[in-house]
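Biologist: Please take me through the ligand site, and justify each term as you use it.

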Amino acid sequence: MKKQLKTLLTIALSAALVSPAFAADKIALVVKSLGNGFFDAANQGAQEAAKELKNVEIIYTGPAKATAEGQIEIVNSLIAQKVSAIVISANDPDALAPVLKRAMDRGIKVISFDSGVRKDGRLMHLNPSSNPLIGEKLVKMTADAIGATGEVAVLSATAQATNQNIWIEEAKKVLAQPAYKGLKLVSVVYGDDQTDKSYREAQGLFKSYPNLKAIIAPTTVGVAAAAKAVQDEKKVGAIFVTGLGLPSEMAGHVKSGAVKSFAIWNPIDLGYSSIMAASQFISGKVTGKAGDKVSLGRVGTVTLDANGEAAMAEPFTYDASNVEKFAKFF
Ligand code: RAM
């Protein structure tokens with residue numbers, strides 16, 4: 001009898017453990033494209049958050065190429081899988097909104113991070129840093145490298161990327177200030193966050209603008225590819241590359257002299273914080289109203305503005321004095 005009771009209890013307990021009430025929340029981390037070191041670092045932070053939250057499983061996914069179509073297909077399959085939340089870095093602010101609305105209609109909590117979705121397509125957007133600050137940083141680093149005059153070009157990610165387009169607009173506002181009137185923006189080209197395309201676009205800029213002095217690449221993929229093109233074409237010292245990069249991918253380019261300085265925030269913390277934020281929506285602690293205080297675990301708390309957005313820390317600048325030290329982390 002005792003033995004029977006024990007067996008029954010064991011069966012009941014195992015059933016309870018696999019029943020939906022005990023199942024882990026699936027949070028999908030949908031990135032612009034796979035194979036990008038920036039997002040791999042964000043995923044590292046996401047996994048850390050999942051461990052801390054305990055009852056969370058991360059689905060790290062994204063298209064092979066940074067397109068909105070690829071992400072729409074993925075979101076549709078995540079809706080079918082009934083995930084609890086979607087955390088997305090969007091390839092387009094508008095194109096993703098309808099499918100993400102459909103996800104929200106089915107009870108899935110949607111937030112964007114890094115590269116935003118327009119307000120009606122998500123509950124919250126987490127910016128890695130203040131957009132005007134990033135624009136200013138990009139221009140300042142350029143002036144630090146080449147001085148107050150010269151032709152500069154932007155090598156961006158995709159033409160629809162929400163984040164790069166905002167940063168370029170902010171950089172243009174800074175370039176319009178009297179202090180930077182000697183810096184002439186001659187072109188904006190797109191490497192689509194693909195190394196080979198970014199490399200070819202950089203070469204194209206060398207050909208089209210023989211007096212080019214700097215390439216500003218507000219993308220980790222583009223900045224590394226442009227620096228490599230400068231080295232390969234023996235233009236170190238003549239053309240400087242700056243932008244947003246990963247110390248692990250940029251240390252060699254700083255050493256070669258192709259790059260004097262570049263900036264970035266901590267992508268591991270960004271991924272960690274995004275998952276922490278998503279879990280706050282899943283548990284119903286926040287709903288995305290202006291003024292909502294969203295806890296980001298060990299990173300702190302952010303307050304949502306009227307647009308449902310919040311920003312994390314200031315970008316950090318790297319140069320020959322510190323790049324090696326940080327190359328170990330991301
Ligand atoms: C690339 C991506 C990402 C951006 C970084 C700086 O990895 O475009 O969205 O935030 O660069």
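Biologist: What makes the pair formed by the ligand and Asp-114 a polar contact?

Modeller: A polar contact is a pair of N or O atoms within 3.5 Å. An oxygen atom of the ligand lies 2.6 Å from an N or O atom in the side chain of Asp-114, so the pair meets that definition. The model is predicted: local features need pLDDT of at least 70, side-chain atom pairs count only at pLDDT 80 or more, and totals for chains, interfaces and linings use all residues. Residues are numbered from 1 along each chain as its sequence is written, and side-chain values use heavy atoms, with hydrogens and water left out.

Biologist: Which distances apply to Gln-164 and Asp-193?

Modeller: For the side chain of Gln-164, an N or O atom is 2.9 Å from a ligand oxygen; for that of Asp-193, the value is 2.6 Å. The protein buries 100% of the 290 Å² that the ligand exposes when taken alone (Shrake-Rupley method, 1.4 Å probe).

Biologist: How are the residues of the shell divided by class?

Modeller: The shell has five nonpolar, five polar and three charged residues. Asp, Glu, Lys and Arg count as charged; Ala, Val, Leu, Ile, Met, Phe, Trp, Tyr, Cys and Pro as nonpolar; the others, Gly among them, as polar.

Biologist: Why is the ligand said to lie between two domains?

Modeller: Domain 1 (18-128 + 267-313) and domain 2 (131-264) both give residues to the shell, so the ligand lies between them. The domain bounds come from an automatic or database domain assignment.

Methods. Polar contact = N/O pair within 3.5 Å; in protein donor to acceptor, adjacent residues only side chain to side chain.
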